[in-house]
Amino acid sequence: MAKKKTKTKTAARPSGSKSRTIKVDYLARVEGEGALYLKMRGEEVLDVRLEIFEPPRFFEALLQGRNFSEAPDITARICGICPVAYQMSAVHAMESALGVQITPEIRLLRRLLYCGEWIESHVLHIYLLHAPDFLRFEGVVDMAKKFRPEVERGLKLKKFGNEIVQLLGGREIHPINVRVGGFHHLPSQTQFQALLNNLKWGRDHAIQTIRWVSSFDFPELHRNIEMVSLSHPNEYPFNEGRVISNLGLNIEPSQFETSISESHLQHSHALHAHINERGSYLVGPMARFHLNYEKLPDLVKEVARSVDLSPKPAVNPFRSIIVRALEVLFAFHEAITIIERISFPTPSFVEVQPPQMEATGFAATEAPRGLLYHRYKIQPDGSIDSAQIIPPTSQNQSTIEEDLKEVASKNHHLTDDDLTHLCEQTIRNYDPCISCATHFLKLKRVQL
Amino acid sequence: MLKLAVWKFSSCDGCQLSLLDCEDELLLITEKIQIAYFLEASRRKMKGPYDLSLIEGSVTTSEERERALSIRKNSLLVVTIGACATAGGIQALRNFSQVNQYISQVYPRPEFIETLKESLPISHFIPVDYELRGCPISKRQLLQLISSLLVGKRPSFPTESVCAECKRKGNICVMVAHQTPCLGPVTQCGCDALCPTYRRGCYGCFGPKETPNTSSLAQWLNQESHLSPKEISHLFRSYNATSTSFQKESERWNVKPSEIYEKDKKEEDKEGKNKGGQGRPKDLKKGSGKKED
């Protein structure tokens with residue numbers, strides 16, 4: 001690319017007093033466009049920035065005036081990797097504004113759809129984006145030369161997750177079947193049951209995945225950080241629950257904006273989110289696992305124990321890949337349970353009418369990368385008056401920068417190349433989705 | 001080996017993900033194709049020239065405009081993939097409004113944002129060899145494109161309407177049977193008539209078919225589906241809003257004063273800004289066009 005090359009000097013090692021800068025202009029194996037900028041002197045980190053330069057697309061503004069029923073289709077376009085998450089937060093927010101109660105079957109089918117997306121997105125990240133960091137490959141194609149059976153397994157797992165989204169959503173990317181009130185049309189029970197064989201294969205091979213990733217070498221990093229996720233009285237959370245944290249946050253999704261603020265920094269097209277009076281926090285698989293461990297099925301807990309993973313206040317973000325794999329197992333398990341449990345035929349949707357008067361709706365659901373919050377104000381004619389969307393990556397951005405600071409400082413003795421790679425890996429611990437957050441990401445280390 | 005580069009512009013990553021979603025074919029493809037530049041999949045950044053560049057996303061910044069030119073110079077074939085790259089995408093809704101307003105609605109510090117007034121397709125800036133329509137593209141068409149190029153055959157994609165696919169599938173017409181608004185008659189096929197198969201109307205992901213009769217369809221939607229002018233305008237104004245025929249039809253039904261743009265207008269007048277024409281894209285430097293706030 002014509003763009004200036006990364007200013008990384010190979011094999012250069014910083015001597016004591018000189019400051020050095022590390023830059024990665026275009027981060028690879030993340031969704032969207034971001035960069036990393038790191039300036040340090042010895043072990044002291046002078047500046048660290050996860051730069052999100054993905055061009056803004058102004059979703060919240062372009063939703064204005066559109067009908068409430070269009071929100072699930074339009075917001076899906078924020079992210080090609082987790083469109084279901086956007087559709088789910090959108091429909092739940094609309095339903096809360098309109099006072100719509102969905103049926104237990106629709107609720108279960110939404111969980112099923114989310115299982116599909118968690119599998120597809122997590123497996124993509126584990127096998128194609130993150131594992132190459134641990135095994136020192138540039139990408140999955142190189143990795144496949146040495147780890148062909150593993151890569152084949154990953155692709156198959158991903159495919160089986162996508163099969164759920166394809167059947168129930170219509171297609172893997174930007175599903176068309178989700179609507180406010182339910183689904184446009186439901187496939188038959190036989191079609192769902194036809195997925196079961198592959199899902200059972202997936203469940204078994206998810207366990208192999210957990211064993212495989214837990215055999216990786218994990219860089220040292222211990223973070224005591226506030227973790228935030230949804231919490232439901234008797235389920236591992238997808239679509240509903242209160243927003244809780246390990247430091248005592250416990251609110252309804254409708255109170256989200258009173259407890260959490262966003263600020264806009266020059267280096268990022270994503271807004272940084274903070275918990276008022278406390279600061280940065282973390283959302284995503286690690287937060288969900290630590291806050292909802294008790295709700296996991298025995299099978300998942302048992303496998304977690306076997307790889308020495310339990311909910312602890314201090315987490316090592318590098319081990320998030322294991323947690324992600326555990327959630328893949330959970331999602332396969334849950335999908336199988338739902339398909340075996342659901343009774344057909346069932347109405348595909350509940351009728352929805354525009355509100356009698358101006359109405360506001362809130363929802364938070366668990367995207368693969370973490371909590372995704374939507375708020376909409378709707379006019380009596382059904383048009384959207386205003387929209388607010390807070391994606392997971394912008395909530396994690398400050399935490400990622402803090403991780404980078406610690407990792408860089410601890411590993412200052414590394415060559416620029418190795419430190420750059422390690423910093424990239426640190427960022428990828430969070431499976432950042434830059435497309436989402438922009439409304440995310442680039443590594444720069446500058447050698448002065 | 002065919003040397004492939006995959007580029008991202010303003011987009012959601014979904015179309016390039018389609019390549020990674022070819023779970024059964026991916027490893028096979030990489031035996032025949034060298035992935036030289038594909039940031040979503042690899043850190044390796046090989047220099048051009050490339051045999052094939054796939055471009056996802058639309059041009060919304062001046063950097064992207066420059067990048068498009070440099071990709072064209074470095075590529076034997078350029079293929080745009082998806083509605084953003086071929087028609088500006090959903091973010092092209094800004095073209096009908098005032099981008100400054102959008103910025104200040106979404107970002108507390110508008111002065112940090114640099115963007116162009118309009119979101120435009122890649123073909124606005126450089127010649128493009130082929131295009132794959134869709135929001136997202138069809139995986140099947142992507143594989144067809146790659147395999148055609150590998151055997152040295154000219155790729156060709158049908159340009160008939162979604163209706164043709166829908167009939168072949170044996171679907172019951174959602175318009176005839178339920179008066180459901182559907183863009184199938186004017187939309188290019190490629191999705192396998194997905195929406196009508198799930199009993200909803202097509203919303204035009206693949207953009208206009210060749211010679212679409214949009215005005216006849218719009219009349220029908222008005223009279224038989226009882227859609228309001230605003231609803232008709234919105235139906236044509238979504239993921240391919242700047243495709244000529246869709247744009248014209250949406251403008252025809254965008255009766256003024258529409259509530260949506262009226263508000264924009266008022267504020268614009270208040271700020272005494274220039275009229276938001278369809279002119280050439282200009283840089284909107286940090287803070288420019290805004291008063292010294």
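Q: Contact means heavy atoms within 4.5 Å; which residues does A:Ser229 touch, not counting residues up to four places away in sequence?

A: This is a predicted model, in which local features need pLDDT of at least 70 and side-chain atom pairs count only at pLDDT 80 or more, while totals for chains, interfaces and linings use all residues. Residues are numbered from 1 along each chain as its sequence is written, chains are lettered from A and ligands numbered from 1 in the order in which they are written, and side-chain values use heavy atoms, leaving out hydrogens and water. With that exclusion, A:Ser229 touches A:Arg242, A:Val243, A:Ile244, A:Ala287, A:Arg288, A:Leu291, A:Asn292, A:Glu366 and A:Leu371. A polar contact (a pair of N or O atoms within 3.5 Å; within protein, one must be able to donate a hydrogen and the other to accept it, and residues adjacent in sequence count only if both atoms are side-chain atoms) of 3.1 Å joins the side chains of A:Ser229 and A:Asn292.

Q: Is A:Ser229 buried or exposed?

A: Buried means under 20% relative accessible area, exposed over 50%, and partly exposed in between, with a 1.4 Å probe and protein chains only. A:Ser229 has a relative accessible area of 0%, so this residue is buried. Its place is in strand β7 (residues 228–231) of chain A.

Q: Where is B:Ala41 found, and which residues is B:Ala41 in contact with beyond its neighbours within four places in sequence?

A: Helices (H or I, at least four residues) and strands (E, at least two) are DSSP runs, numbered from the N terminus. B:Ala41 is found in the loop between β2 and β3 of chain B. With a relative accessible area of 7%, B:Ala41 is buried. Beyond those neighbours, B:Ala41 is in contact with A:Arg29, A:Leu128, A:Glu138, A:Gly139, A:Val140 and B:Leu20.

Q: How many bridges join β3(B) to strand β4 of chain B?

A: Two strands pair if DSSP finds at least two bridges between them. Strand β3 (residues 50–56) of chain B and strand β4 (residues 75–81) run parallel, with six bridges joining them. B:Tyr50 stands opposite B:Ser75 in β4(B). Between these two strands the chain passes through helix α3 (residues 62–73) in a right-handed β-α-β crossover, that is, clockwise from the first strand over the helix to the second when the strands point away from the viewer. β3(B) is also joined by five bridges to the parallel strand β1 (residues 2–8) of chain B, where B:Lys8 has B:Glu56 as its bridge partner. Six of the seven residues of β3(B) are buried.

Q: Why does the span of helix α6 of chain B agree with what is expected?

A: The expected span of a helix is 1.5 Å times one less than its number of residues. The 12 residues of α6(B) (residues 139–150) should therefore span 16 Å, and the end C-alpha atoms are 17 Å apart, which agrees. Its buried residues include B:Leu142, B:Leu145, B:Ile146 and B:Leu149. An α-helix has 3.6 residues a turn, so residues three or four places apart point the same way. What covers the buried residues of α6(B) includes β3 and β4 of chain B. At the N-terminal end, B:Ser138 caps the helix, with a side-chain oxygen 3.2 Å from the backbone nitrogen of B:Arg140.

Q: How many residues does each domain of chain B bring to the contact?

A: Domain bounds come from an automatic or database domain assignment. For chain B, that assignment gives domain 1 (2–150) and domain 2 (162–252). The contact takes 17 residues from domain 1 and 17 residues from domain 2.

Technical notes:
Contact = heavy atoms within 4.5 Å.
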